[in-house]
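Thanks for coming, everyone. I'll take one structure today and walk through its charged pairs, a helix crossing and a few backbone oddities. Here it is.

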Amino acid sequence: MTSPSHDSTTERPDRRGTNLPRVAGYNQVLVLDLIRRFPGASRSDLVRRTGLTMQTLSNICHRLSAAGLIRESGRIQSGMGAPRIVYEVSPTGRYSIGLHIDPARLSFELLDLAGNSVHNLTVPTPAAPGPSHFFDVIETQIGVLLEQSGVARERIAAVGVATPGPLDVEHGSVVGPPQLPGWGTVRLRDELEQRLALSVVVEKDSTAAAIGEIWRAPRGTENLAFIYLGSGVSAGLVLEGTVLRGSGRAAGRLSHLGNIGHLTADPEGELCACGGRGCVSVSSLPSRIIEIAMERGAVSPGVDTDDARAVETALATLSQMAEQEGDAAATAILENAARGFARVGMQLANLLDLDSIVFGGPQWPAFATACLRIAPTMVNEQYIARSDHEVTVRGTAIGGHVGAVGAASLAMSETMFDAPAQLYLR
Ligand SMILES: [Zn+2]
């Protein structure tokens, strides 16, 4: 698997096409990807960007068009010559499905080839411990998604799954995720491929969210951290338009990239097992914030902080008390959490020279108001390179479905835009 790459082809000579027959599939993928990223590109634009001859490019456009993957979006008359044909991807040419596994809910998303959301649905994550019943629910719901949307299974390029880690990328397995009780090692990819008869790719939830954020509107030069607030807190990282995966891509290793549990959120916070003080994992996990709120009487005692849904409900209450009722204790707790997330964002920005920090994930709505009030100023006041450029701090542009959208984007990217061998023209 390779990451979606959004860099400019003109700046990457290794991606330029040639006319050798053995790279015909590669050239098709290249042209399709360019048409996706630059809708309204004409044949001469595409010749310039790819280095292909006009004849080769025309042949490729014919094949992509015959396969229903691109269509003419208009003709531009300039000067005396023949009008220039311009293209865009044909949205209904293919679809992909994204599944986001969260301890509280399963979100499903159906995207078309242009990255538009066609249909989505959400069901509670089965409460029974362990994954067996869970797979039945996924299989049923994907059937429902297809039936409700009227999209035939044959039009699905692939299924992407976003899941809490740790992840064995080589085998597409999750390995004893602490947030999904009763799970040992679960071969998600193999099990789902067998049940669905579709190709399946598996990715960490925070990384999938970062992919979702850049897929629909790639700028080519993104440097962003997606700080994902779920049951855990982790980061998806995009540098120079490329999604980072780390050494977890190597055979037999688990992916740990984006583990920000031991960055400092609160310099005055509790000691952590790692020897640090006020790490994210002892100060900023949503469950920990609810524990603090119970200790201070801001939330009624008795919330089971191991239950993701109970934590989410309690956070929603805390947020409502702070933002709508002006409760001082609730406000102080959420603002302290927001300062912690800002500190973490600032450390990432300093290390990686980021342009933007994006927050999202299932628990984000409860923190959004306090975080957007505090973090943009705090990050930029303390950011080391502030004299050079600002860091944009914002909430996800996609909203609550960003994990599922990202998983679907990844599936589409890997089968249609990154892997020539898998591009089947019919
Ligand atoms: Zn620590």
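Start with Arg288. At 14% relative accessibility, Arg288 counts as buried, because the cut-off is under 20%. Its partner is Glu295: the two side chains meet in a salt bridge, 3.6 Å from N to O. Glu295 is the opposite case. It has 60% relative accessibility, so Glu295 counts as exposed. That gives a salt bridge with a buried arginine and an exposed glutamate.

Some salt bridges share partners. Asp136, Glu139, Glu191 and Arg195 are joined into one network that way.

A word on what you are looking at. This is a predicted model. The chain has 426 residues, and 54% of them count as buried. There are 12 helices and 16 strands. Now take the contacts in the chain with a separation of 6 or more: 61% of them come from residues 24 or more positions apart.

Back to charges. How many salt bridges does a search of the whole structure find? The count is 18. Here are two others.

First, Arg37 with Asp33. The closest N and O atoms of this salt bridge are 3.2 Å apart. Both residues sit in helix α1, residues 24-37. They are four residues apart, about one turn of the helix. Are these two buried or exposed? Arg37 is buried, with a relative accessible area of 11%. Asp33 is buried too, at 3%.

Second, Glu213 with Arg394. Their side chains meet in a salt bridge at 2.9 Å, N to O. Glu213 lies in helix α6, and Arg394 lies in strand β16, residues 392-395. The pair therefore ties together parts that are 181 residues apart in sequence. Glu213 is buried, with a relative accessible area of 10%. Arg394 is partly exposed, at 27%.

Stay with α6 for a moment. Which residues of α6 meet helix α12? Glu213 is one of them, and the list also includes Ala208, Ala209, Ile211, Gly212 and Trp215. On the α12 side, the residues met include Val402, Val405, Leu410, Met412 and Phe417. Gly403 and Gly406 are also among them. By class, the contact of α6 with α12 has 10 nonpolar, five polar and one charged residues.

Now the geometry. Helix α6 covers residues 205-215, and helix α12 covers residues 402-417. Their axes come within 7 Å and cross at roughly 75°. Angles of 65 to 115 degrees count as roughly perpendicular. So α6 and α12 are roughly perpendicular to each other.

Next, an arginine without a salt bridge. Arg343 is in helix α10, residues 328-352. Arg343 is buried, yet has no salt bridge. Side chains of opposite charge can pair when their charged atoms come close. How far away is the nearest side chain of opposite charge? Asp266 is that side chain, and it is 4.9 Å from Arg343. A salt bridge needs the nitrogen within 4 Å of the carboxyl oxygen. So at 4.9 Å, Arg343 and Asp266 do not make the cut. They are in contact all the same. Leaving aside neighbours within four places in sequence, Arg343 also touches Thr264, Ala265, Pro267 and Met378.

One more arginine: Arg309. It lies in helix α9, residues 308-323. Its relative accessibility is 35%, so Arg309 counts as partly exposed. Arg309 and Pro103 are 206 residues apart along the chain, with 7.9 Å between their C-alpha atoms. Beyond neighbours within four places in sequence, the contacts of Arg309 are Pro103, Ala104, Pro124 and Thr125.

Last, the backbone. Which residues other than glycine have a positive phi? Ala197 is one of them, with phi near 55°. Ala197 is found in the loop between α5 and β11. At 68% relative accessibility, Ala197 counts as exposed. Glu240 is another, with a phi of about 50°. Glu240 is in the loop between β13 and β14. At 60% relative accessibility, Glu240 also counts as exposed.

To recap two points. Glu213 has a salt bridge with Arg394, and Glu213 is also among the α6 residues that meet α12. Arg343 is buried and has no salt bridge. That's my tour. Over to you.

Conventions
Residues are numbered from 1 along each chain as its sequence is written. This is a predicted model: local features need pLDDT of at least 70, side-chain atom pairs count only at pLDDT 80 or more; totals for chains, interfaces and linings use all residues. Side-chain values use heavy atoms; hydrogens and water are left out. Axes are lines fitted to C-alpha atoms, for helices over the stretch in contact, and angles run from 0 to 180 degrees between N-to-C directions. Helices (H or I, at least four residues) and strands (E, at least two) are DSSP runs, numbered from the N terminus. Angles under 35 degrees count as roughly parallel, over 145 as roughly antiparallel, 65 to 115 as roughly perpendicular and the rest as oblique. Contact means heavy atoms within 4.5 Å. Ala, Val, Leu, Ile, Met, Phe, Trp, Tyr, Cys and Pro count as nonpolar, Asp, Glu, Lys and Arg as charged, and the others, Gly among them, as polar. Buried means under 20% relative accessible area, exposed over 50%, partly exposed in between (1.4 Å probe, protein chains only). Lys and Arg count as positive and Asp and Glu as negative; His and the chain ends are not counted.
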